[in-house]
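Here is a set of questions and answers for reading a fold step by step. Keep the picture open as you go.

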Amino acid sequence: MTLKVYLSGEIHTDWRERIVEGAKGLDVSFDAPVTDHAASDDCGVAILGAEDNKFWHDHKGAMVNAIRTRKGIADADVVVVRFGEKYKQWNAAFDAGVASALGKSLIVLHGPEHAHALKEVDAAALAVAEEPEQVVQILRYVLTGELPG
């Protein structure tokens, strides 16, 4: 069995790298949004032309980024959505909702400080993890039946 995993959400820590590194040797392929924050913010105006109004600047970027995000989530077997400690990650919540609506296997990743705020998102997930290594253990179990330890 091969799993295609889309890694969505927070871009300010190394959680993606920890999952990819931990999953080496497993039959898993990973995809993700563009994690270069400046490129992600400015892709719309860099490609489609400048905007004087910040709203339209952001809107163009969001639309261009949505092409990649929609494709990644649609093609995934498993979607992992990470909510970090900083910022209000509305885009991550939106990606979790899209994944849930498409019937994707959803793993939500966040610390205990977000448990209350994300209770509805967590309720839609098949697993709620606090550490990237737990996501790796889930993937290993799904693919091999092996428990940690």
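The questions below go through this predicted model, starting with its sheet.

Q: What is the order of the strands in the open sheet?
A: The sheet is open and has five strands. Their pairing is parallel. From one edge to the other, the order is S2-S1-S3-S4-S5.

Q: Which strands stand at the edges of the sheet?
A: A strand at the edge has a single partner strand, so one side of it is left without a neighbour in the sheet. That holds for strand S2 (28-31) and strand S5 (127-129). The edge strands are therefore S2 and S5.

Q: By how many degrees are neighbouring strands of this sheet turned against each other on average?
A: The direction of the strands is ignored here. The average turn between neighbouring strands is 25 degrees.

Q: Which strands does helix H1 touch as it packs on the sheet?
A: Helix H1 covers residues 15-22. Its direction makes about 165 degrees with that of S1. The strands touched by H1 are S1, S2, S3 (78-82) and S4.

Q: How many bridges join S3 to S4?
A: These two strands run parallel. One residue to find here is Val79, which stands opposite Leu106 in S4. The number of bridges joining S3 to S4 is five.

Q: Which residue in S5 is the bridge partner of Leu109?
A: Strand S4 spans residues 105-109. S4 pairs with S5 in the parallel sense, over three bridges. In S5, the bridge partner of Leu109 is Ala129.

Q: Why is S4 described as largely enclosed by the rest of the structure?
A: A residue is buried when its relative accessible area is under 20%. Strand S4 has five residues. It counts as largely enclosed because the number of them that are buried is four.

Q: Is Ser8 buried or exposed?
A: Ser8 lies in strand S1 (residues 3-9). Beyond its neighbours within four places in sequence, Ser8 is in contact with residues including Trp15, Pro33, Val80 and Asp95. The relative accessibility of Ser8 is 0%, so it counts as buried.

Q: How far apart are the end C-alpha atoms of helix H4?
A: Helix H4 (residues 90-101) has twelve residues. At 1.5 Å a residue, H4 should span 16 Å. The distance between its end C-alpha atoms agrees, at 16 Å.

Q: Which residues of H4 are buried?
A: An α-helix has 3.6 residues a turn, so residues three or four places apart point the same way. The buried residues of H4 are Ala92, Asp95, Ala96 and Ala99. They cover an arc of only 100 degrees around the axis, which puts them on the same side of H4. Again, the buried residues are Ala92, Asp95, Ala96 and Ala99.

Q: Which exposed residues does the face of H4 turned away from its buried side carry?
A: The buried residues of H4 pack against S1, helix H3 (54-75), S3, S4 and helix H5 (119-124). The face turned away from that buried side carries the exposed residues Trp90, Phe94 and Ala101.

Q: Which residue follows H4?
A: The residue has a positive phi, near 75 degrees. It is Gly103.

Q: How far apart in space are Gln89 and Lys119, C-alpha to C-alpha?
A: Gln89 is in the loop between S3 and H4. With 11% relative accessibility, Gln89 counts as buried. Gln89 and Lys119 are 30 residues apart in sequence. In space, their C-alpha atoms are apart by 15 Å.

Q: Which buried residues of helix H2 are on the same side?
A: Helix H2 covers residues 37-48. Its buried residues cover an arc of only 160 degrees around the axis, which puts them on the same side of H2. What covers them includes H3. These buried residues are Ser40, Cys43, Gly44 and Val45.

Q: Is Lys60 buried or exposed?
A: Lys60 is part of helix H3. Beyond its neighbours within four places in sequence, the contacts of Lys60 include Gly44, Val45 and Leu48. At 14% relative accessibility, Lys60 counts as buried.

Q: Is the pair of rings of Phe55 and Trp56 stacked or edge-to-face?
A: The count of aromatic pairs comes to one. The ring centres of Phe55 and Trp56 are 4.7 Å apart. Their planes stand at 85 degrees, so the pair is edge-to-face.

Methods
Residues are numbered from 1 along each chain as its sequence is written. This is a predicted model: local features need pLDDT of at least 70, side-chain atom pairs count only at pLDDT 80 or more; totals for chains, interfaces and linings use all residues. Side-chain values use heavy atoms; hydrogens and water are left out. Buried means under 20% relative accessible area, exposed over 50%, partly exposed in between (1.4 Å probe, protein chains only). Contact means heavy atoms within 4.5 Å. Two strands pair if DSSP finds at least two bridges between them. Axes are lines fitted to C-alpha atoms, for helices over the stretch in contact, and angles run from 0 to 180 degrees between N-to-C directions. Rings of Phe, Tyr and Trp (its six-membered ring) pair if their centres lie within 6.5 Å; planes under 30 degrees apart count as stacked, over 60 as edge-to-face and the rest as tilted. The expected span of a helix is 1.5 Å times one less than its number of residues. The arc is that of the directions from the helix axis to the C-beta atoms.
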